[in-house]
Amino acid sequence: MSDAARRTLWLQRHAPVMAEPGLCYGATDLEAHADATLAAAQRIAPLLPAGITVRSSPLRRCAGLADAIAALRPDLRVRHDARLAEMNFGAWEGRPWSAIAREEFDAWTGNFADAPAGGHGESVRAFMQRVAAAHDEWLVGEGDALWITHAGVLRAVTLLQRGTRCPGAATDWPAGELAFGGWLTFDN
């Protein structure tokens, strides 16, 4: 690929949410801490190139960060994209991870690609397909882009960048944690 065609995908995680640590809150629409959101926006806004496409998960913890960045960079237009929302963990939403029975969790990880999380939530395959649709669109049509999103989406894009469309086992899911408000980039 020539330098002229090179593009960068920036992925920024929302700030810490207003909830107890250890809570399962994938699709649950929680607010993020306002001060941490503003600080995250102030760190990234001056680094973003002019004309970058900005997409945000519609969940409040991401939409608030997108609004804060747009306030600092009025040249940028934000579009909400439901494909960038976090995975839906079904019956586990709003419960502490430590309160989820080991058998429930093992049943999910035992059929990691296709079992719905929390009994009736989203499967990893469905989640990956949703994120892949946005990623594929970026690969073929957009220039530089910033996605304001969640840890699960960041991990899904990491897999997609490696050529994995759906992990076969829970052990294939990327480990590690990106700090709240932090970002990473991928060049294509």
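**Reading a Predicted Model: A Dialogue**

Colleague: Let us begin with a single residue. In which loop is Ile-100 found?

Modeller: Ile-100 is found in the loop that lies between strand 3 and helix 3. Please keep in mind throughout that this is a predicted model.

Colleague: How should one decide whether Ile-100 counts as buried or exposed?

Modeller: One compares the relative accessible area with a cut-off, and buried means under 20%. Ile-100 has a relative accessibility of 9%, and therefore counts as buried.

Colleague: Which residues does Ile-100 contact, once its neighbours within four places in sequence are left aside?

Modeller: Ile-100 is then in contact with Trp-92, Arg-95 and Phe-105. Distance along the chain and distance in space are separate matters. Ile-100 and Asp-75 are 25 residues apart along the chain, and their C-alpha atoms are separated by 45 Å.

Colleague: What is the distance in space between Pro-96 and Leu-23, C-alpha to C-alpha?

Modeller: These two residues are 4.2 Å apart in space, although 73 residues apart in sequence. Pro-96 is found in the loop between strand 3, residues 78-80, and helix 3. Not counting residues up to four places away in sequence, Pro-96 touches Gly-22 and Leu-23. The relative accessible area of Pro-96 is 38%, so this residue is partly exposed.

Colleague: Let us turn to the whole chain. How many helices and strands are there in the protein chain, and in what order do they run?

Modeller: The protein chain has five helices and five strands. Read from the N terminus, the elements follow the order β-α-β-α-β-α-α-β-α-β.

Colleague: What radius of gyration does the protein chain have, and what would a compact globule have?

Modeller: The protein chain has a radius of gyration of 17 Å, which agrees with the value near 16 Å for a compact globule of 188 residues. The C-alpha trace spans about 50 × 40 × 25 Å along its principal axes. Of the 188 residues, 47% count as buried. The accessible surface comes to about 8700 Å², and 55% of that surface belongs to carbon and sulfur atoms.

Colleague: What share of the contacts joins residues 24 or more positions apart?

Modeller: Among contacts with a separation of 6 or more, such pairs account for 76%. Trp-10 offers an example to trace in the model. Trp-10 has its place in strand 1, residues 8-13. Not counting residues up to four places away in sequence, Trp-10 touches a list of residues including Ile-44, Pro-49, Trp-147 and Trp-183. Trp-10 counts as buried because its relative accessibility is 12%. By contrast with these contacts, Trp-10 and Ser-123 are 25 Å apart in space, C-alpha to C-alpha, and 113 residues apart in sequence.

Colleague: Where is Asp-144 placed, and which residues does Asp-144 touch?

Modeller: Asp-144 has its place in the loop between helix 4 and strand 4. Setting aside residues up to four places away in sequence, Asp-144 touches Arg-7, Thr-8, Pro-49, Ile-52, Thr-53 and Trp-138. With a relative accessible area of 26%, Asp-144 is partly exposed.

Colleague: How does one read burial for an entire element? How many residues of helix 5 are buried?

Modeller: One takes the residues in turn and then asks what covers them. Ten of the eleven residues of helix 5 are buried; among them are Ala-151, Val-153, Arg-155 and Leu-160. Their cover includes strand 1, helix 4, strand 4 (145-149) and strand 5 (183-187). Just after helix 5, Gly-163 takes a positive phi of about 90 degrees.

Colleague: How does one find empty space, and how much of it lies in the largest pocket?

Modeller: Rolling a probe the size of a water molecule over the atoms reveals where empty space is left. In this structure, about 510 Å³ of space lies in the largest pocket. That pocket is lined by 24 residues, of which Glu-86, Phe-89, Trp-97, Ala-151 and Arg-155 are the closest to its centre. The elements that give two or more residues to the lining are helix 3 (102-110), helix 4 (124-141) and helix 5 (151-161).

Colleague: How do the lining residues divide by type?

Modeller: The lining of the largest pocket has 15 nonpolar, four polar and five charged residues. Ala-151 and Arg-155, already named as buried residues of helix 5, thus appear again beside the centre of this pocket.

How values were computed
Residues are numbered from 1 along each chain as its sequence is written. This is a predicted model: local features need pLDDT of at least 70, side-chain atom pairs count only at pLDDT 80 or more; totals for chains, interfaces and linings use all residues. Side-chain values use heavy atoms; hydrogens and water are left out. On a 1 Å grid over the protein atoms alone, a cavity is a set of points where a 1.4 Å probe fits but cannot get out, and a pocket is an open set with protein on both sides within 12 Å along at least five of seven lines; lining residues have an atom within 4 Å of a point. Grid points are joined across faces, edges and corners, and a volume is the space filled by probe spheres set on the points. Helices (H or I, at least four residues) and strands (E, at least two) are DSSP runs, numbered from the N terminus. Ala, Val, Leu, Ile, Met, Phe, Trp, Tyr, Cys and Pro count as nonpolar, Asp, Glu, Lys and Arg as charged, and the others, Gly among them, as polar. The radius of gyration is taken over C-alpha atoms; the globule rule is 2.2 Å times the number of residues to the power 0.38. Buried means under 20% relative accessible area, exposed over 50%, partly exposed in between (1.4 Å probe, protein chains only). Contact means heavy atoms within 4.5 Å. Accessible areas come from the Shrake-Rupley method with a 1.4 Å probe; for residues, only the protein chains shown count as cover.
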